[in-house]
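User: Please take me through the binding sites in this entry, one question at a time.

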Amino acid sequence: MKALVLIDIQIDFLPGGALEAQNGNEVVPVANKLMGHFDIVVATKDWHPANHGSFAANHPWRKPGQIIDLNGLDQILWPIHCVQNTFGSEFPDTLQSDKIQQIFYKGTDPGIDSYSGFHDNGQRRSTGLAEFLREKGVDEVFIAGLATDYCVKFSVLDALKEGFKTNVVVDGCRGVNLAPEDSEKALAEMREKGARLLESSEVIH
Ligand code: VGL
Ligand code: ZN
């Protein structure tokens, strides 16, 4: 059984948002097109409390892009983004979100960030995504969304670790690219670790 897993397609990651992925809006039509071709469609939401430790604004004198130690883990500091129940945390209304059967929330613990849709960055707590997929008999996932170089990458690597056959729908992903090559490097790492990279046109045929 195959599932489509949409990562963090939220207003704050789209152009004009607090933490935009480059041309992030372009993943929306791809996600809409893909959804009709899967029996199981799930999504993740980055879902931070306002006091989240990944926000530069919560650390006096710190700026986005700097790295701090957050409870024993290196943490890149980000602008305030995807605060629970705010406009920026919503799906864009162009996304056909009525087709999403279940949403998994991540980044809810103020003391630890969570790039992957499966676990936090310390692999301490599960979001329930892997358990949900296994319960539905899923053995293969197709992953798309935002951002290629963070949450897509870590979700893909975790999907592989969880034992799912893992596909990345490359035209359905866009990156933040703090450094210009970050998305390319992330895709190369996903491929090296065992993910298959493909285009949405190869999924829909
Ligand atoms: C993300 C940075 C911080 C993402 C989330 O969705 O890729 N990146 N929080
Ligand atoms: Zn975040």
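Analyst: One definition comes first: Ala, Val, Leu, Ile, Met, Phe, Trp, Tyr, Cys and Pro count as nonpolar, Asp, Glu, Lys and Arg as charged, and the others, Gly among them, as polar. The model is a predicted one.

User: How do the residues of the shell around ligand 1 divide into nonpolar, polar and charged?

Analyst: The residues surrounding ligand 1 include Phe 13, Leu 19, Trp 78, Tyr 115 and Ala 147. Asp 8, Asp 46 and His 81 also belong to these surroundings. Under the classes above, Asp counts as charged. The shell divides into 8 nonpolar, 1 polar and 2 charged residues.

User: Which residue has a polar backbone atom 3.1 Å from an oxygen atom of ligand 1?

Analyst: Two side chains can be set aside, since the question concerns the backbone. The side chain of Asp 8 has an N or O atom 2.7 Å from an oxygen atom of ligand 1, and that of Asp 46 has one 3.1 Å from a nitrogen atom of the ligand. The backbone contact, at 3.1 Å from a ligand oxygen, belongs to Cys 151.

User: How much of the area that ligand 1 exposes when taken alone does the protein bury?

Analyst: The space ligand 1 takes is the largest cavity. Alone, the ligand exposes 250 Å², and the share of this buried by the protein is 100%.

User: What is the arrangement of the 4 donor atoms around the zinc ion (ligand 2)?

Analyst: Asp 46 (OD), His 48 (NE2) and His 81 (NE2) coordinate the zinc ion at 2.0 to 2.2 Å. In sequence, these donor residues are spaced D-x1-H-x32-H. Because the 4 donor atoms subtend angles of 88 to 170 degrees, the arrangement is irregular.

Technical notes. Residues are numbered from 1 along each chain as its sequence is written. Chains are lettered from A and ligands numbered from 1 in the order in which they are written. This is a predicted model: local features need pLDDT of at least 70, side-chain atom pairs count only at pLDDT 80 or more; totals for chains, interfaces and linings use all residues. Side-chain values use heavy atoms; hydrogens and water are left out. A residue is near a molecule or strand if one of its heavy atoms lies within 4 Å of it. A polar contact is a pair of N or O atoms within 3.5 Å; within protein, one must be able to donate a hydrogen and the other to accept it, and residues adjacent in sequence count only if both atoms are side-chain atoms. Accessible areas come from the Shrake-Rupley method with a 1.4 Å probe; for residues, only the protein chains shown count as cover. On a 1 Å grid over the protein atoms alone, a cavity is a set of points where a 1.4 Å probe fits but cannot get out, and a pocket is an open set with protein on both sides within 12 Å along at least five of seven lines; lining residues have an atom within 4 Å of a point. A molecule sits in a cavity or pocket if more than half of its atoms lie within 2 Å of its grid points. Donors are N, O and S atoms within 2.8 Å of the metal (3.2 Å for Na, K and Ca); water is not among the atoms, so sites may look incomplete. Four donors count as tetrahedral if all angles lie between 85 and 135 degrees; four count as square planar and six as octahedral if opposite donors are over 155 degrees apart and all others between 65 and 115; anything else is irregular.
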